[in-house]
Amino acid sequence: PGNSERTMPDKRPGDALLNPAAFPEPKVRPNNPNFGSGPCAKRPGWTGDAISDAALGRSHRSSLGKAKLAEAIDETHALLGLPKDYLVGIVPASDTGAVEMVMWSMLGERPVDICHWESFGTTWYSDAVKELKLEKVTNIKAEFGVLPDLSKTDASHDILFTMNGTTSGVRVPSLDWIPADRTGLTICDATSAIFGFDMLPWEKLDVVTYSWQKVLGGEGAHGMLILGPRAVARLESYKPPRPLPKIFRLCKGDGTLNGGIFKGETINTPSMMCVEDYLDALRWAKSIGGLPALLAKSAANFKVLADFEAKTGWLEFLCAVPEHRSNTSVCFKMKAPSGEPMGSDAVAKFRKLLEQKGVCFDIGAYRDAPPGLRIWCGATVEASDLQALTGWMEWAYAQVAAA
């Protein structure tokens, strides 16, 4: 409580902050100091016992292995409340693998609009042009911290976009810009959005990809692929003019969908330890109230940091438009006491102080982003830990500001 009651000069970076004695080390520490944006914090109360029932040493093609994979698919479908005709599959290589699989398998049938405003979306654009060598690509982009004008998309084209810019802290606030009568496909990289904020209506999205290690706090290396009926129709009607590696093949030799992928018959060997951990995360999510509870937790976590930013003079959202700010991967710029942007060395010193005290890890801005902070606020993070962190952030800034 003592940490949360501290007040900062109203939007002035300097003043009392130049006196570190005014900000002694807080007495309250976060219970879980892991605030990184992927892999993210494990769910509250997680221990190794959560994976004690893993099918270790068993084949993923055994009845036990296939049952666990099918359970992961079915429970995901239920937790998200997906339409009955939407399919869920587990695929290789995390969200990156899922997105690339879709791009290589589906793109090229018509022009494509690629909307990007952070590192990963920019990679999808680059791969479309340089690797797939697609000729009809519209580049709809914006700088870090800014959402591009999504109304520039053409509903007769395929549209590839990131629902939440993990590296920029900028999200798509709604799907109102996607018409229901579109003729192209919408392909949504949702890895740091899904389970974190409202993505309805699902019918606006033909393809959704994500990975386990974001909002649910799972482990890496496995991707999730959600296909609507229009995406399935594209797969079965379009043969891309390029060779597809085995791990990208979603159709059988006769050109029909490989339905086994969406029943737990994975393309390659998954980690049954990671599968068990994902099942534990799904069970935890269900136990706290399902998707509405996950969304509420992320929103409450974001509010802790938003309230803190509002009263500090040295912290500022990278995204200037409130409606566009991510409530999962929350990105900030920092100011020096002079009011000028804080340099990368000073920002690094700030983070290092927190790490040395063991109160906060992995909150540096992504390597391509402007110098600053990126603090994860997904549902596996507790609001009380974020509240405790803000006191330590005040302390660390005072040390750096006085140096």
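Where is Ser168 found? In this predicted model, Ser168 sits in the loop between β5 (164–165) and β6. Its relative accessibility is 0%, so Ser168 counts as buried. Leaving aside residues up to four places away in sequence, Ser168 touches Trp117, Glu118, Phe144, Gly145, Leu318 and Cys331.

One of those contacts, Glu118, leads to helix α3. At the start of α3, a side-chain oxygen of Glu118 comes to within 3.3 Å of the backbone nitrogen of Phe120. The helix itself covers residues 119–131, 13 residues in total. From its first C-alpha to its last, α3 reaches 17 Å, close to the 18 Å expected at 1.5 Å a residue. Just after α3, Lys133 takes a positive phi of about 55 degrees.

Which residues of α3 are buried? They are Ser119, Gly121, Trp124, Asp127 and Ala128. Their cover includes one helix, α2 (94–106), and the strands β2 (112–116), β4 (158–162) and β7 (186–189).

Strand β4 also brings in the aromatic rings, through Phe161. The whole structure holds 11 aromatic pairs. In one of them, the rings of Phe161 and Trp177 have centres 5.1 Å apart. Their planes stand at 75 degrees, so this pair is edge-to-face. Phe161 lies in strand β4, and Trp177 in the loop between β6 (170–171) and β7. The two are 16 residues apart, and the pair links distant parts of the chain. Are these partners buried or exposed? Phe161 has 0% relative accessibility and therefore counts as buried. Trp177 has 19%; the cut-off for buried is under 20%, so Trp177 counts as buried too.

Another aromatic pair is stacked: Trp314 and Tyr397. Here the distance is 4.3 Å centre to centre, with 10 degrees between the planes. Trp314 lies in the loop between α6 (290–311) and β10 (315–317), while Tyr397 belongs to helix α8 (residues 383–402). The pair therefore ties together parts that are 83 residues apart in sequence. Trp314 is buried, with a relative accessible area of 0%. Tyr397 is at 0% relative accessibility and also counts as buried. Both rings belong to a wider group: ring pairs link Phe308, Trp314, Phe350 and Tyr397 into a cluster.

Rings also meet charged side chains. Lys42 lies over the face of Trp46, 5.1 Å from the ring centre. Arg171 lies over the face of Phe197, at 4.4 Å from the ring centre.

Next come the salt bridges. How many does a search of the whole structure find? The search finds 18. One of them joins the side chains of Asp280 and Arg43, at 2.9 Å from N to O. Asp280 is in helix α5 (residues 272–287), and Arg43 is in the segment before α1 (63–80). These partners are 237 residues apart, and their bridge links distant parts of the chain. Asp280 has a relative accessible area of 10% and is therefore buried. Arg43 is buried as well, with a relative accessible area of 17%.

The segment before α1 supplies another partner, Asp53. The side chains of Asp53 and Lys68 meet in a salt bridge of 3.4 Å, N to O. Lys68 is in helix α1, 15 residues from Asp53, and this pair too links distant parts of the chain. The partners contrast in accessibility. Asp53, at 53%, counts as exposed, whereas Lys68, at 6%, counts as buried.

A further bridge joins the side chains of Arg283 and Glu276, at 3.7 Å from N to O. Arg283 is partly exposed, with a relative accessible area of 39%. Glu276 is buried, with a relative accessible area of 1%.

Which residues form a network with these partners? Salt bridges link Asp53, Lys68, Glu71, Glu276 and Arg283. The network thus includes exposed Asp53, partly exposed Arg283, and the buried residues Lys68 and Glu276.

How values were computed
Residues are numbered from 1 along each chain as its sequence is written. This is a predicted model: local features need pLDDT of at least 70, side-chain atom pairs count only at pLDDT 80 or more; totals for chains, interfaces and linings use all residues. Side-chain values use heavy atoms; hydrogens and water are left out. Helices (H or I, at least four residues) and strands (E, at least two) are DSSP runs, numbered from the N terminus. The expected span of a helix is 1.5 Å times one less than its number of residues. Buried means under 20% relative accessible area, exposed over 50%, partly exposed in between (1.4 Å probe, protein chains only). Contact means heavy atoms within 4.5 Å. A polar contact is a pair of N or O atoms within 3.5 Å; within protein, one must be able to donate a hydrogen and the other to accept it, and residues adjacent in sequence count only if both atoms are side-chain atoms. Rings of Phe, Tyr and Trp (its six-membered ring) pair if their centres lie within 6.5 Å; planes under 30 degrees apart count as stacked, over 60 as edge-to-face and the rest as tilted. A charge sits over a ring if NZ of Lys or CZ of Arg is within 6 Å of the ring centre and within 35 degrees of the ring normal. A salt bridge is a side-chain nitrogen of Lys or Arg within 4 Å of a carboxyl oxygen of Asp or Glu.
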